[in-house]
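Trainee: I am new to this structure and would like a close look at a single part of it, with enough of the surroundings to see how that part fits in.

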Amino acid sequence: MILAALIFIPMAGGLLAWMADRWYPGAAKWFALVTAGIEFVLAIWLWLQSASAMALPAHGGWLGETRAEWIPRFGVSFHLAVDGISLVLVVLTAFLAIVSVACSWTEIQKRVGFFYFNLLWTVAGSVGVFLALDLFLFFFFWELMLVPMYFLIGIWGHENRQYASIKFFIFAQGSGMFMLVAILALVFVHYRSTGVLTFDYFDLLNATLSPSAELWIMLGFFIAFAVKTPIVPFHTWLPDAHTEAPTAGSVILAGVLLKTGAYGLLRFIVPLFPEAAAHFAPVAMVLGATGILYGAFLAFAQTDFKRLVAYTSVSHLGFAVVGIFAWNPWSLGGAVMQMMAHGISTGALFVVAGILQERTHTRDMQRYEGLWSVVPRLAGMGLFFAIAALGLPGMGNFVGEFLVLMGLSTSSSVLASVATVVFVASVVYALALVQKTFHGENKHGWQLHDLSGREMVTLFSMVAITLWLGLYPQPVLNAAPNTANSPPAIAVAHHEVNVE
Amino acid sequence: MLPLLWLIPTLPLAGFLLLALGGSHLGHRSIAVIGAGSVALSALVAILIGIDFIAAPPPGFVFRQEAWTWIAVAGFSPGIVFYLDALSLVMVLVVTVISFLIHLYSTEFMSRDEDYARFFAYMNLFVGSMCILVLADNLLFLYMGWEGVGLCSYLLIGFWYRDPANGRAARKAFIVTRVGDTAMAIGFFLLFTHLGTLDIQPLMQRATQQWPEGSELAVLAAALLLGGAAGKSAQLPLQTWLPDAMAGPTPVSALMHAATMVTAGVYLIARTHALFALAPAVQLAVAVVGALTLLLAGFSALAQNDIKRVLAYSTISQLGYMFLALGVGAWSAAIFHLVTHAFFKSLLFLSAGVVIMSLHEEHDIFRMGALRKKLPVTFWTFLIGSASLAALPLVTAGFYSKDLILWQAWSSTGGNPWLWAAGWGGAILTGLYIFRVVFLVFFGEARTVAPPETCRPGLCITLPLIVLAAFSVVGGWIETPSFLGNLTLFSDFIQHALPPTQVVHSGKNDEIILELLAVAASLGSIALAYLLFLRYPAFLHELTLVPALASLRNFWHFGWGFDHLYEFLFVRPYLWLAHADQRDVIDDIYRMAFSCTLRWLQKINRHDLIDNIYSGLTGLCLFLHRALSATQNGQVRRYAAAIAAGSIGIIFMGVFA
């Protein structure tokens, strides 16, 4: 029941926040904060409950399940379940929900109630995506997180918000259609061979597909996840959406929504279509590696602070893609680690960007310069998370990136070596960010006030988590899928990829 | 004492945390106490542990201390584990003791800086990272220290962030060393893929067991690690960052870019010597890289006017000696030179700092002169440092360490006359360039525009200078050549961790002859410097008027054109590409495809395809309406004909249906 609660609490909280805003302006954010807090406590409680189980080397994988009838005629049920990977992603989502409420505290001034409604419903949709094990339900949540996010960008975004929100919607919706068709195709193929009409994940795991059908259906899923993750060349909605979204929108987009794509690859693509995924893995890994390098390269090219950070996401999520398709314990552990660490460190960079924009009303780094002497605390935070982004050991991203590349190296050392070049490219963009924004002389005569208490608490908690992930990542690594429990055909994937 | 090992890196890191979090609320005095005090405690612990280690060695001369398991995934389980053996003990002693002296110096040297707390925070972070680097038990933990010191180097080179030039130098340092680090990371992947661990000792054992000497994998792995070492230790072709790194405050140059951080590459190769022993080709490459670097940097040092840049090139050159030693298998000689170099080079930098400070940030040696009287203590310490660097016979530490390298470059298994000759030539250059500085700065006439203020450096500055000067003299007396007492305290100790060096190419009197040649190089070069730069400067001036020589000097001055080459090969193309692709060509394709489709649709559908259907529908209705109303024309004849035709039709259908 706790799983359903994780979804319904933000929904209810969102409605309450919306209504509260009508009775008493200013109450909405408190409702949102309390809701996100309850969600976080619940998620952490669930994690602590199952931490000991996850630490066991041979745990079965599933830690909790809820199932209820929904549309029995079509074999659709309200089926939620949680394993390590969904659990850590839910915890991440709940934490970032708090962060995004905190960073909207003064930024959002118009239609506040409706804002928090959308924010919390996006969160609810994302949590649903991470928990749903019925493909119909999964698709329902997939769409549910999309629409409120569209409003977040379109209503509270920055100057170019119309273009960005429509682009986001077209990419997400267009690719979502492919997935819907693929889901239906999968269900019907399964129905034809077994006579059972079901959307249930566990039933469909046993579906027998002809090789060509498997490939086409997998590609349908892949398109949707590739757009969301994003995988180059489907990434171009992301810089616009991230840049134009309000701070909270950027945090949730980068921290949570992108993870739903990578999660989809992990949960659906490989287990449902092991053979096709095995054949497709080299392509996906090359795409992932391309994203790692291309994202880092383009990040350096930007002059807009948020746009730069947005492109770093393309680079960082490339690691997750590579890690998932390399499919060995190291790369998978690294992929999960990377998802968590990226959520925190990139989220924090967006918070920093939001704070800067709220004070200076610009995101153009050419207009910043020399802010170190003006806002030393904020600059210190910016420096810290830029360094986290470049993957310094001792911080979360490094563990993820190193494990992914090391795992990849055991199957394809050439591709791993090429991808490792990002170690240089990431330093180049991260230092460019620090230089352009914080170093130099304060030529533009900025006079800004430094971090407030609320902002300090938000960013400090993210600093602490980044260091924790970097120095003691084991709780998260334990949550990574155990390859020993995976369908045997996935092992084939590994051998196929082994080009050595 | 040994169980306190973890305190050595932890104390400076705690200092860093205190200063980073509370630095803005602390006064100068508390900042200095925390900054220097934490390192002092760390050095104290290191010394006590060192005494303990030597007095009562742990079994196998190795002490391991595990804090926790860092990562554990499917057999890959690097830990936060400290590893103390003879090699890491020497390193950690050098690092902490010199760090403490430089911190003490900095408390006074930096006292007028507005960012006092930030300076000490970064310095403490550096010391902590460096201790992690030298104490790490596995390569991943080592990498944490390795990248940590790289970060601190970046932060401290760019410490005076207001000047964009400092920022550029700082970024250059981080990026260039990171190129090497990337190679090193790929090397780690390779080692793990084939040997299944990154714990250094098991790794070396497995490598020796599984890989035959000269095997492809061993060569590749060693070459990749060499890439990392070359980046950090500023060896060819990644040496370009170090001269620019002088943009940082002088104590930083002394600590990181002379005494400790830049020797990390030497340490890495010594630490993984078993792997390099399996790859003779790479080991030869180490020696050749060292030999080339020491010569190239020596020439460049001759052509610099900035006192700190002379010292920077000198550091590159001396690191070249260490690489040369590593390459010929003279492990203990390399580490010995690392230690003495740490003493005399940090001494030189700190003395140069006093000179620069007293002349109001003047760096140009041609605008100094006659400072011997005005800065007597600094003069003597700088002179001692220079003598040690130039390997002045018998009385300096540099003499013992450098001549040991020269001797073994000739005589050891990997040695040959060419490598010795490079080292010998470098020795001449060394004496020339450093005594050029001595004579120009402390002798001759005062060429300064503004006379130096008479403020005498205080005790916090003078004391470290004197201590380091003492080390620069006596530090060599623990290891002497066979004909000079044959003391081998250092190599005996270090050989608990590193293999001994075999002397193979040796005639009867080779050692003495070579030693005399080295002495001649040292004394001759000092004499030559005296003649050229003090006695007959006019002669040198005339030489520079020859265009060919002037352009050669220019070429050396700019570090043999490496910067220009890299600018042309890498920096410009990357910048250009980034600028050209700022809007992301993939997005351009989408936008173009989208707008083309839209335009095409508009074109074929100018009058709206669907609307055409509707208007077609109305047209059809209209037509039918006209057609039907045309039948209602009132002519009986037509009605009768229609009825007849209809009846025939119905009958027809009735019959045939």
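Is Ala234(B) buried or exposed, and how many C-beta neighbours inside 10 Å does Ala234(B) have?

Mentor: Please keep in mind from the start that this is a predicted model. Ala234(B) counts as buried, because 30 C-beta neighbours lie inside 10 Å and 20 or more are enough for that class.

The residue belongs to the loop between H8 and H9 of chain B, and its backbone deserves attention, since Ala234(B) is not a glycine and nevertheless has a positive phi of about 55°. Looking at the helix before the loop, H8(B) has 17 residues and reaches 25 Å from its first C-alpha to its last, close to the 24 Å expected at 1.5 Å a residue. H8(B) is also mostly covered, with 13 of its 17 residues buried, and Ala234(B), with its positive phi, follows this helix.

The loop holds another backbone feature, for Pro237(B) is found between helix H8 (216–232) and helix H9 (241–244) of chain B, and a cis peptide bond with omega of about -5° joins Leu236(B) to Pro237(B).

It helps to set this beside chain A, where a cis peptide bond joins Thr229(A) and Pro230(A), with omega of about -10°. Pro230(A) is found in the loop between helix H8 (211–228) and helix H9 (237–244) of chain A. Thr229(A), in turn, is among the residues in contact with Val321(A) once the neighbours of Val321(A) within four places in sequence are left aside, and that list also includes Ile231(A), Ala262(A), Leu265(A) and Gly288(A). Val321(A) is itself one of the residues with the most contacts inside the largest nonpolar core, which has 434 residues, and others named with it are Ile269(A), Leu324(B) and Ala334(B).

Two of the residues just mentioned, Leu265(A) and Ile269(A), have numbers that fall within helix H10 (residues 247–272) of chain A. This helix has 26 residues and reaches 36 Å from its first C-alpha to its last, close to the 38 Å expected at 1.5 Å a residue, although H10(A) bends by about 40° at Leu253(A). H10(A) is mostly covered, with 25 of its 26 residues buried.

Returning to chain B, a positive phi is found elsewhere too, in Asp584(B), where the value is near 70° and the residue is again other than glycine. Asp584(B) lies in the loop between H25 and H26 of chain B, and Asp584(B) counts as buried because 22 C-beta neighbours lie inside 10 Å.

The helices on either side of that loop lead to the contact between the chains, which takes 37 residues from chain B and 41 residues from chain A. On the side of chain B that touches chain A, helix H5 (139–157), helix H6 (164–195), helix H25 (562–580) and helix H26 (585–604) each supply at least two residues. H6(B) gives the most to this side, with 15 residues, and by class the side has 22 nonpolar, seven polar and eight charged residues.

One of these helices, H5, also borders a loop worth a look, since Asp137(B) is found between helix H4 (116–135) and H5 of chain B. Asp137(B) counts as buried because it has 23 C-beta neighbours inside 10 Å. Apart from its neighbours within four places in sequence, Asp137(B) is in contact with residues including Arg64(B), Tyr83(B), Asp199(B) and Ile200(B). By contrast with those contacts, the C-alpha atoms of Asp137(B) and Leu516(B), 379 residues apart along the chain, are separated by 42 Å.

Finally, the chain that carries Ala234(B) can be viewed as a whole. Chain B has 28 helices and two strands, and buried residues make up 52% of its 657 residues. The C-alpha trace of chain B spans about 145 × 65 × 55 Å along its principal axes, and the radius of gyration of chain B is 37 Å, whereas a compact globule of 657 residues would have one near 26 Å. Among contacts in chain B with a separation of 6 or more, 81% are between residues 24 or more positions apart.

Conventions
Residues numbered from 1 in each chain as written. Chains lettered and ligands numbered in written order. Predicted model: local features only at pLDDT ≥ 70, side-chain atom pairs only at ≥ 80, totals over all residues. Core = buried A, V, L, I, M, F, W, Y, C linked by C-beta atoms within 7 Å. Buried ≥ 20, exposed ≤ 12 C-beta atoms within 10 Å, placed from the backbone. Contact = placed C-beta atoms within 7 Å. Helix = DSSP H or I, 4+ residues; strand = E, 2+ residues; numbered from the N terminus. Nonpolar A, V, L, I, M, F, W, Y, C, P; charged D, E, K, R; others polar. Rg over C-alpha atoms; globule rule 2.2 N^0.38 Å. Expected span 1.5 Å × (residues − 1). Bend = angle between axes of the 7 residues up to and from the residue.
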